[in-house]
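Got your viewer ready? Let's take a walk through this structure, one selection at a time.

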Amino acid sequence: MILEIVEYGHPTLRQKGTDVREINEEIRNLAESMIETMHDADGVGLAAQQVNVAKRLFVLDVRQSENRPSTMWEEGKEVDFDARMPMVLINPEITISGDWEIEEEGCLSFPGIGADVRRRGRVKVRATNLEGQTISFEASGLLARAVQHEFDHVNGILFIDRLDSSKKASLAGKLKRLRAGKK
Ligand code: ZN
């Protein structure tokens, strides 16, 4: 089922998610619908907050981005990340490392708005999947960036919070219009 994606100004985007306690039918349906919604919107990631659910869960699919590659490692060995997509990450924990990298980011909750965001280049992830298994991997490139962006969402943090003040000021008009519900 395609879900409605809430946009900047919606209060749920600012809510810190609660842990998913049990992977039941409701969570499975939510995750499936989030994957469908992300694909329908041509996004590379979607957090529960963006479909108005304040839980610590997000989905990812970085396959289509040929010009922004990703690398993924499991137990120190490089793996084919295509085969792991789409991913559902429940109650994620991350550790960031690597150099700072600046790349343009957008967000399905900020239609028409993009900005350069500074993030670390590498991330170590531990989460639960839909089968209730613990998964862990390391990532760089777009996958590392998408993980950090979505991890922020489940903590109520938005990509505009990571812009420097002059960049944020240059987007102020657009953000105000989006907040007011006008595009
Ligand atoms: Zn986003």
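Start by selecting Glu-36, which sits in helix 1, the stretch covering residues 25–40. Keep in mind as you look around that this is a predicted model. Glu-36 counts as partly exposed, because its relative accessibility is 38%. Now add Glu-32, Asp-40 and Asp-42 to the selection: together with Glu-36 they form a negative surface patch.

Stay in helix 1 and pick Arg-28 and Glu-25. Their side chains meet in a salt bridge, with 3.7 Å from N to O. Why are they about one helical turn apart? Because the two are three residues apart in helix 1. Arg-28 is partly exposed, at 32% relative accessibility.

Next stop: the metal. Select the zinc ion and show what holds it. You'll find Cys-107 through its SG, plus His-149 and His-153, each through NE2, at 2.0 to 2.2 Å. Along the chain, these donors follow the spacing C-x41-H-x3-H. Cys-107 lies in the loop between strand 5 (87–105) and strand 6 (115–128), while His-149 is in helix 2 (residues 142–154), so this pair ties together parts that are 42 residues apart in sequence. Are Cys-107 and His-149 buried or exposed? Both are buried.

Now over to strand 5, where you can select Ser-97. Ser-97 is partly exposed, with a relative accessible area of 32%. Put Gly-121 on screen too: it comes 24 residues away from Ser-97 along the chain, yet the C-alpha atoms of the two are separated by 6.6 Å.

Still in strand 5, click on Glu-103, then on Arg-68. Here is another salt bridge, 3.6 Å from N to O. Arg-68 lies in the loop between strand 2 (57–60) and strand 3 (70–74) and Glu-103 in strand 5, so the pair links parts 35 residues apart in sequence. Glu-103 is partly exposed at 34% relative accessible area, and Arg-68 is partly exposed at 26%.

For one more pair, select Arg-84 and Glu-74. The closest N and O atoms of this salt bridge are 2.8 Å apart. Arg-84 is in the loop between strand 4 (77–79) and strand 5, and Glu-74 is in strand 3, so parts 10 residues apart in sequence are tied together.

Last, select Glu-105, Arg-119, Arg-145, Asp-152 and Arg-162 in one go. What links them? A network of salt bridges. If you'd like to hunt for the rest, the count of salt bridges in this model comes to 12.

Technical notes: Residues are numbered from 1 along each chain as its sequence is written. This is a predicted model: local features need pLDDT of at least 70, side-chain atom pairs count only at pLDDT 80 or more; totals for chains, interfaces and linings use all residues. Side-chain values use heavy atoms; hydrogens and water are left out. Patches are made of residues with over 30% relative accessible area and no salt bridge: like charges are joined within 9 Å, nonpolar side chains (Val, Leu, Ile, Met, Phe, Trp, Tyr) within 5 Å. Accessible areas come from the Shrake-Rupley method with a 1.4 Å probe; for residues, only the protein chains shown count as cover. A salt bridge is a side-chain nitrogen of Lys or Arg within 4 Å of a carboxyl oxygen of Asp or Glu. Lys and Arg count as positive and Asp and Glu as negative; His and the chain ends are not counted. The place of a charge is taken as NZ of Lys, CZ of Arg, CG of Asp or CD of Glu. Helices (H or I, at least four residues) and strands (E, at least two) are DSSP runs, numbered from the N terminus. Buried means under 20% relative accessible area, exposed over 50%, partly exposed in between (1.4 Å probe, protein chains only). Donors are N, O and S atoms within 2.8 Å of the metal (3.2 Å for Na, K and Ca); water is not among the atoms, so sites may look incomplete.
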